[in-house]
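Reader: I am new to this structure and would like to go through it step by step. Could you take my questions in turn and give the reasoning behind each answer?

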Protein chains: 2
Amino acid sequence: MDGTRDIEALIEMMARLPGLGPRSARRAVLQMIRKRGQLLAPLAEQMSKVAATARECLRCGNVCTSDLCEICLSDKRATGEICVVQDVGDLWAMERGGAFAGRYHVLGGTLSALDDIGPEDLRIPQLVTRVREEGVSEVILALNATVDGQTTAHYIADQLEGQVRLTSLAQGVPIGGELDYLDDGTISAALRARKSI
Amino acid sequence: MDGTRDIEALIEMMARLPGLGPRSARRAVLQMIRKRGQLLAPLAEQMSKVAATARECLRCGNVCTSDLCEICLSDKRATGEICVVQDVGDLWAMERGGAFAGRYHVLGGTLSALDDIGPEDLRIPQLVTRVREEGVSEVILALNATVDGQTTAHYIADQLEGQVRLTSLAQGVPIGGELDYLDDGTISAALRARKSI
């Protein structure tokens, strides 16, 4: 009796993960039970390992297992450039691209009057302190091209005005993108930012 | 350094679950790390609990924590009816419906010449034994309406012919279904099985 309740509790917990609902959580749990030797037991172990060690970098907000993350600790990344991103997921996306050699600052969200999220909830004061103390030459605002993302970018730009060079990611046609499938806003932005060949 | 590798290993494991890919696994792991107190640690604990106790019912193949599952142990379900399903997920779906009061037999798949899955891989011999030993009056073949499912149903029907009453789920228009969105096969089947009002 208790066992089935355990399985149901596990399904409920899995269903709370982003991207999974009750139905896919059930499927995932069944699959895990079917392969409990190769899948469920190692996954449980790995999770408790990560739960015990994972935390946030005190400086940039990246996920790590010590006070400072690998990127903050690396001498090679001390280029004086800070890339401001919304979430750790965005930091990982930037790192996959592999084009940025500086350090990051993870805000942990965007400003939102509706959800009552102000600058203090977003590590923005910490960013201002870092710019002052770390000899930063450029802050790249790599925030999402959404209304909330752009509001946040404007607020940060106001805070840092005159202290440092401020840039944002270029907007335009994505690599491999077809004009026919692009929205009007992107096409207009790409046209305004056109370059001579 | 090792910590990040732990997180990456966790993402890789999560990505192997059905319904999750690399991208959604990353999102799920990030969310878990963000809420590690409420989400990651309890989930790890629940998983190792289930991993330690979950196994298959020796009689019907349902998921349970003792030799026999709750349904097989319950006296109320000894109605002499066995419902044959492909997977434990199908058993759960039948139970959610709540219309069946008998016991189940989980095949664990369907016959497939391509994947080299024969009757011995599917608990079909066990079903034949159960029909002989448990005083079964009716076997309901609740297999999926796919080619593999129907092939398996035909094979089982051959095996049990003359020993027991054999039935299958009715085919027709789903409750709430609109004719315009149904495939031709379903409409034909519903027409052939039409009932007088």
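Reader: How many salt bridges are counted between chain A and chain B?

Author: This is a predicted model, and the salt bridges that it holds over all chains number 12. For the pairing of chain A with chain B, the count of salt bridges is 2.

Reader: Which residue of chain B forms a salt bridge with Asp6(A)?

Author: A salt bridge requires a side-chain nitrogen of Lys or Arg within 4 Å of a carboxyl oxygen of Asp or Glu. For Asp6(A), the closest N and O atoms of the pair are 3.8 Å apart, and the partner is Lys49(B).

Reader: Why does the salt bridge of Lys49(A) with Asp6(B) join two chains?

Author: In this salt bridge the closest N and O atoms of Lys49(A) and Asp6(B) are 3.9 Å apart. Lys49(A) belongs to helix H3 of chain A, while Asp6(B) belongs to helix H1 (residues 2-15) of chain B, so the pair links two chains.

Reader: Which element gives the most residues to the side of chain A that touches chain B?

Author: Beyond the salt bridges, 4 residue pairs are found in polar contact across the interface of chain A and chain B. At least two residues of the side of chain A that touches chain B come from each of helix H1 (2-15), helix H2 (22-34), helix H3 (36-53), strand S1 (55-56) and helix H5 (88-97) of chain A. The element that gives the most, with 14 residues, is H3(A).

Reader: How many residues on the side of chain A that touches chain B are nonpolar?

Author: The contact involves 48 residues of chain A and 47 residues of chain B. On the side of chain A that touches chain B, 12 residues are charged, 9 are polar, and those that are nonpolar number 27.

Reader: What is the area buried between chain A and chain B?

Author: The size of an interface is often expressed as the accessible area that is lost when the parts come together. Between chain A and chain B, carbon and sulfur atoms give 73% of the buried area, which is about 4,600 Å².

Reader: How far apart are the C-alpha centres of domain 1 and domain 2 of chain A?

Author: The division of chain A places domain 1 at residues 2-53 and domain 2 at residues 71-168. Between the C-alpha centres of these two domains of chain A, the distance is 35 Å.

Notes. Residues numbered from 1 in each chain as written. Chains lettered and ligands numbered in written order. Predicted model: local features only at pLDDT ≥ 70, side-chain atom pairs only at ≥ 80, totals over all residues. Heavy atoms only, no water. Contact = heavy atoms within 4.5 Å. Buried area = accessible area lost by both parts, 1.4 Å probe. Polar contact = N/O pair within 3.5 Å; in protein donor to acceptor, adjacent residues only side chain to side chain. Helix = DSSP H or I, 4+ residues; strand = E, 2+ residues; numbered from the N terminus. Nonpolar A, V, L, I, M, F, W, Y, C, P; charged D, E, K, R; others polar. Domains from an automatic or database assignment.
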